[in-house]
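Please look over the sequence and the 3D structure shown here before reading the report that comes after them.

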Amino acid sequence: MDIEKRNKLYEIQRKIDFYAEAMMNIPCPYVKNYYARLIKDETDTFGKLFNERMDIQKQFTIEELSKYDGTGNNPAYAAVNGIVYDLSLSGAWGGGTHYGLYAGKDLTSEFKRCHNNSESVLKSLPKVGILK
């Protein structure tokens, strides 16, 4: 995924977070509906951007992948079935960790154990490359 597209996705995520926080703090149901509509619009935009065809060009070695562990300013990447996914926008992977697992690794066996190799979980994650 190119940096421009990633920045757009991050900006959409920031807007959604802001609208959700505002919606929680407003007692008026009409204003809540307004924020809910803004969240829906941003979610639709996110989905369209996310689902655009991406050419996977970057090839990662295990050593290179380990640098993308979600710590500091690094994005959180993980490989599953030879494809490297960006976990950075997933709230479940905050700080590069998820239920005792750490980003920056090949998590194929862990994924198969937890998700029965369900591809529907992976469809929501941006593909950023392949594992050599």
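The report below goes from the overall layout to the sheet, one helix, the largest pocket, and a few single residues.

## Overall layout

The structure is a predicted model, and its chain has five helices and six strands. Read along the sequence, these elements follow the pattern α-α-β-α-β-β-β-β-α-α-β, in which α stands for a helix and β for a strand. Taken along the principal axes, the C-alpha atoms fill a box of roughly 50 × 30 × 30 Å. The chain has 132 residues, and 33% of them count as buried.

## The four-stranded sheet

Four strands form an open sheet, in which the order is E1-E6-E3-E2 and the pairing is mixed. Strand E1, residues 59-60, and strand E2, residues 77-80, stand at the edges, and because each has a single partner strand, one side of each is left without a neighbour in the sheet. As background, strands of a sheet pair through backbone hydrogen bonds, and they do this in either a parallel or an antiparallel way.

Both kinds of pairing can be found at strand E6, which covers residues 127-131. On one hand, E1 and E6 run parallel and are joined by two bridges, and Gln59 has Ile130 in E6 as its bridge partner. On the other hand, strand E3, residues 83-86, pairs with E6 in the antiparallel sense over three bridges, and here Tyr85 stands opposite Lys127 in E6.

## Helix H4 and its buried side

Which residues of helix H4 are buried? In this helix, which spans residues 108-115, they are Thr108, Glu110 and Phe111. These residues cover an arc of only 160° around the axis, which means that they lie on the same side of H4. Just after H4, Asn116 takes a positive phi of about 50°.

## The largest pocket

The largest pocket has a volume of about 300 Å³. The elements that give two or more residues to its lining are E2, H4 and helix H5, the last of which covers residues 119-122. Among these contributors, H4 gives the most, with four residues.

In total, 19 residues line the largest pocket, and those nearest its centre are Trp93, His98, Phe111, His115 and Val121. Phe111 therefore has two roles in this description, since it is one of the buried residues of H4 and also one of the lining residues nearest the centre of the pocket. By residue type, the lining divides into 14 nonpolar residues, four polar ones and one charged one.

## Cysteines and a buried proline

How many disulfides does a search of the whole structure find? The search finds zero. In general terms, a disulfide is a covalent bond between the sulfur atoms of two cysteines. As for cysteines in this chain, Cys28 counts as partly exposed, with a relative accessibility of 29%, whereas Cys114 is exposed, with a relative accessible area of 56%.

Pro126 is found in the loop between H5 and E6. Is this residue buried or exposed? Pro126 counts as buried because its relative accessibility is 4%, and the cut-off for buried is under 20% relative accessible area. Measured by position along the chain, Pro126 and Ala20 are 106 residues apart in sequence, and from C-alpha to C-alpha they are 23 Å apart in space.

Definitions and conventions:
Residues are numbered from 1 along each chain as its sequence is written. This is a predicted model: local features need pLDDT of at least 70, side-chain atom pairs count only at pLDDT 80 or more; totals for chains, interfaces and linings use all residues. Side-chain values use heavy atoms; hydrogens and water are left out. A disulfide is a pair of cysteine sulfur atoms within 2.5 Å. Buried means under 20% relative accessible area, exposed over 50%, partly exposed in between (1.4 Å probe, protein chains only). Two strands pair if DSSP finds at least two bridges between them. The arc is that of the directions from the helix axis to the C-beta atoms. On a 1 Å grid over the protein atoms alone, a cavity is a set of points where a 1.4 Å probe fits but cannot get out, and a pocket is an open set with protein on both sides within 12 Å along at least five of seven lines; lining residues have an atom within 4 Å of a point. Grid points are joined across faces, edges and corners, and a volume is the space filled by probe spheres set on the points. Ala, Val, Leu, Ile, Met, Phe, Trp, Tyr, Cys and Pro count as nonpolar, Asp, Glu, Lys and Arg as charged, and the others, Gly among them, as polar.
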